[in-house]
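Here's a quick walk through this protein, written for someone who'd rather be at the bench. Have a look at the model first, and then we'll go through it piece by piece.

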Amino acid sequence: MEYSHKHSSRGSIKKITLHIFIFIGCLVISNWIYASDDATPVIELELSDYRFSPREIQLSTNQSAILRLVNTDSVTPHNFIMETGNDSPIVEVDLLGGETVEVKLPPLPAGRYTFYCSNKLLFMKSHREKGMEGILIVNPE
Ligand SMILES: [Cu+2]
């Protein structure tokens with residue numbers, strides 16, 4: 001009699017443990033579904049010392065992305081301009097020293113897209129001329 005009582009209380013602990021595992025399992029699965037649904041990648045670009053890092057980024061055709069631009073120069077303002085060709089720039093952002101800005105990059109056709117910083121101080125070379133330039137390569141699917 002005593003034995004069976006102990007056994008049944010252990011059984012209910014096992015049940016509670018099982019429920020907790022199912023609950024955690026649901027959380028993990030729902031997180032996973034959410035993550036795979038919200039697949040917009042975040043690409044971080046550092047702007048400092050007249051260069052972009054990385055200098056080259058890659059995306060697939062028709063894939064949008066979020067560009068996180070981080071100006072780690074404490075004083076020097078920079079900008080980020082991306083061109084598609086003859087049209088006006090698809091992205092044009094100004095960043096103060098130490099500023100971080102996120103911009104959404106629209107899905108783009110396959111190709112190579114140059115980006116650069118056009119800032120310039122009086123008669124000095126522009127940041128682009130000093131090497132502040134990079135490329136986005138959109139790969140065909
Ligand atoms: Cu610059």
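## The big picture

Among contacts in the protein between residues at least 6 apart in sequence, 64% join residues at least 24 apart. A contact here means that the C-beta atoms of two residues, placed from the backbone, lie within 7 Å. Of the 141 residues, 14% count as buried. The cut-offs go like this: buried takes 20 or more other C-beta atoms within 10 Å of a residue's own, exposed takes 12 or fewer, and partly exposed is in between, with C-beta atoms placed from the backbone.

As for secondary structure, the protein has one helix and nine strands, in the order α-β-β-β-β-β-β-β-β-β from the N terminus on. Both kinds of element are DSSP runs numbered from the N terminus: helices are H or I with at least four residues, strands are E with at least two.

## How far to trust it

This is a predicted model, where local features need pLDDT of at least 70, side-chain atom pairs count only at pLDDT 80 or more, and totals for chains, interfaces and linings use all residues. Residues are numbered from 1 along each chain as its sequence is written. The pLDDT, which is the predictor's confidence in each residue from 0 to 100, averages 84 for the protein, and 73% of the residues score at least 70. Over residues 33–37 the pLDDT drops below 50, and that stretch has zero contacts in the model beyond near neighbours in sequence. Where pLDDT is low, don't read the predicted coordinates in detail.

## The four-stranded sheet

One open sheet holds four strands in the order β2-β1-β4-β7, with mixed pairing. Its edge strands, each pairing on one side only, are β2 (51–53) and β7 (100–105). Neighbouring strands of this sheet are turned by 25° against each other on average, direction ignored; the axes are lines fitted to C-alpha atoms, for helices over the stretch in contact, and angles run from 0 to 180 degrees between N-to-C directions. Two strands count as paired if DSSP finds at least two bridges between them. Strand β4 (residues 65–71) runs antiparallel to β7, with six bridges joining them. Leu-67, for instance, has Val-103 in β7 as its bridge partner.

Two residues in β2 are worth a look. Arg-51 lies in this strand and counts as partly exposed because it has 16 C-beta neighbours inside 10 Å. Arg-51 touches Gly-131 and Met-132, leaving out residues up to four places away in sequence. Its C-alpha is also 8.3 Å from that of Arg-128, 77 residues apart in sequence. Ser-53 is in β2 too, and counts as partly exposed because it has 13 C-beta neighbours inside 10 Å. Ser-53 and Gly-134 are 81 residues apart along the chain, with 8.5 Å between their C-alpha atoms.

## The five-stranded sheet

The other open sheet has five strands in the order β3-β9-β8-β5-β6, and its pairing is mixed as well. At the edges sit β3 (56–60) and β6 (91–95), each pairing on one side only. The twist from one strand to the next averages 15°.

How many of the five residues of β5 are buried? Four of them are, so that strand is mostly covered. Strand β5 (residues 78–82) pairs in the antiparallel sense with β8 (residues 111–116) over two bridges, and Met-82 has Phe-115 in β8 as its bridge partner. Five bridges join β5 to β6, which also run antiparallel. There, His-78 is partnered with Leu-95 in β6.
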